[in-house]
Amino acid sequence: MKALLVTERQSLKETVDHHIGPQGVAVIHYENPLKAMDNIIEIDPEIVLFSARDYPRHWKPFLIFLRNHRERRSTIFILLTPPKFDSDEAAKAQHLGVNGIVEDSLHEATQRDKLKAIVQRYKNIEDHRANQRYAPDEGDRMIFVFSHPFNYSLVTGTVRDISGDGLRFEPFNAGQLRGLEAGTLIDHAGLRIGDETLHPPCKVVSTGPDLRLSFHSMDPEERGLLLSHLASRVLALKYT
């Protein structure tokens with residue numbers, strides 16, 4: 001599957017590559033929107049991602065041209081916008097046949113999940129990573145705590161994203177991560193998901209402002225509960 005990305009930012013291209021590439025999508029990057037328009041019929045992409053921040057005057061004629069040749073279900077068009085995108089512009093995009101509008105801050109998990117959900121609504125694609133990552137919201141009642149393996153203090157914080165393989169965790173007090181490094185085993189942890197509390201042994205993948213952990217020798221029954229919960233939440237997001 002091919003995606004045409006129109007942006008002048010290499011950083012945005014790298015982010016898109018990282019997050020939809022594992023779904024079997026080849027990203028073709030154009031910095032010049034006019035050249036992209038000239039070549040779009042030959043490229044014949046299933047997905048177009050267009051930066052409204054980089055080209056605020058070009059996305060409307062590009063979208064009109066695309067819809068003259070491809071219907072909404074044939075080639076989906078996702079407009080990548082800055083935060084607080086003008087409501088009149090958003091209404092114009094809907095009228096012209098946009099499939100979705102996503103903030104271009106794709107380093108935020110909520111925007112990445114929204115992008116993936118829009119794509120999956122129209123295209124039958126699968127994530128080729130072991131498990132799709134999910135960013136919990138306030139309604140998930142998801143809590144993660146663990147006992148520091150060296151000083152035995154209780155480390156608390158916020159789960160930023162999670163999959164069946166591990167999670168990304170932001171501690172309330174970054175100083176509590178002192179002494180942890182890649183490869184450190186954490187044997188005493190608690191993960192609250194909905195009404196269930198799991199106790200997955202973890203291994204530190206990386207440290208920094210966030211702590212990245214992989215689940216180490218997780219009990220198969222607990223892993224099944226986690227995967228079922230995540231699948232239900234991703235499905236709910238897809239149809240909102």
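Me: I'm new to this structure. What share of the 240 residues of the protein counts as buried?
Reply: Of those 240 residues, 46% count as buried. Keep in mind that this is a predicted model.

Me: Okay. How many helices and strands should I look for?
Reply: Look for 6 helices and 13 strands. The C-alpha atoms fill a box of roughly 60 × 30 × 30 Å along the principal axes.

Me: And what do the contacts say about how the chain folds back on itself? I mean those between residues at least 6 apart in sequence.
Reply: Among those contacts, 61% join residues at least 24 apart.

Me: Let's do sheets. How do I read one?
Reply: Here's the general idea: strands of a sheet pair through backbone hydrogen bonds, either parallel or antiparallel. Now take the open sheet of 5 strands, where the order is E2-E1-E3-E4-E5 and the pairing is parallel. Its edge strands are E2 and E5 (100–103), each pairing on one side only. From one strand to the next, the twist averages 25 degrees.

Me: Which helix packs on that sheet, and which strands does that helix touch?
Reply: That's helix H5, residues 109–122, which touches E3, E4 and E5. The direction of H5 makes about 160 degrees with that of E5.

Me: Can we zoom in on E1? Which strands does E1 pair with?
Reply: With E2 (residues 26–30), E1 pairs in the parallel sense over 5 bridges. In that pairing, Val6 stands opposite Tyr30 of E2. With E3 (residues 47–51), E1 again pairs in the parallel sense, over 4 bridges. There, Leu4 has Val48 as its bridge partner.

Me: Why is E1 described as largely enclosed by the rest of the structure?
Reply: Because 4 of the 5 residues of E1 (residues 2–6) are buried.

Me: What about E4 and E5: how many bridges join them?
Reply: E4 (residues 76–81) and E5 pair over 4 bridges, in the parallel sense. If you'd like one pair to find on screen, Leu79 has Ile101 in E5 as its bridge partner.

Me: Now the sheet of 8 strands. What is the order, and is the pairing parallel or antiparallel?
Reply: The order is E9-E12-E13-E8-E7-E6-E10-E11, in an open sheet with antiparallel pairing. At the edges sit E9 (185–186) and E11 (196–198), each pairing on one side only. For a close look, try E12 (residues 202–206) and E13, which pair in the antiparallel sense over 4 bridges. Val204 stands opposite Leu213 of E13.

Me: How do I describe two helices that pack together?
Reply: Two packed helices are described by the angle between their axes and the distance between the axes. In this structure, try H2 (residues 33–43) and H3 (residues 59–67): their angle is about 0 degrees and their axes are 11 Å apart. H2 and H3 are therefore roughly parallel to each other.

Me: Which residues make that contact?
Reply: From H2 come Pro33, Ala36, Met37 and Ile40, and from H3 come Pro61, Phe62, Phe65 and Leu66. The residues of this contact divide into 8 nonpolar, no polar and no charged.

Me: What happens at the two ends of H4?
Reply: At the N-terminal end of H4 (residues 87–96), Asp86 acts as a cap: one of its side-chain oxygens lies 3.0 Å from the backbone nitrogen of Asp88. After H4 comes Gly97, whose phi is positive, near 105 degrees.

Me: How about single residues? Is Lys13 buried or exposed?
Reply: Lys13 has 17% relative accessibility, so it counts as buried; the cut-off for buried is under 20%. You'll find Lys13 in helix H1 (residues 10–20). Leaving aside neighbours within four places in sequence, Lys13 is in contact with Leu5, Val27 and His29.

Me: And where does Asp219 lie?
Reply: Asp219 is in the loop between strand E13 (211–215) and helix H6 (220–238). Asp219 counts as partly exposed because its relative accessibility is 38%. A polar atom of the Asp219 side chain lies 3.0 Å from the backbone nitrogen of Glu221. Asp219 and His199 are 20 residues apart in sequence, and their C-alpha atoms are 8.5 Å apart in space.

Technical notes. Residues numbered from 1 in each chain as written. Predicted model: local features only at pLDDT ≥ 70, side-chain atom pairs only at ≥ 80, totals over all residues. Heavy atoms only, no water. Buried < 20%, exposed > 50% of the residue type's maximum accessible area, 1.4 Å probe, protein only. Polar contact = N/O pair within 3.5 Å; in protein donor to acceptor, adjacent residues only side chain to side chain. Contact = heavy atoms within 4.5 Å. Axes fitted to C-alpha atoms, helices over the stretch in contact; angles between N-to-C directions. Parallel < 35°, antiparallel > 145°, perpendicular 65-115°, else oblique. Nonpolar A, V, L, I, M, F, W, Y, C, P; charged D, E, K, R; others polar. Pairing = 2+ DSSP bridges.
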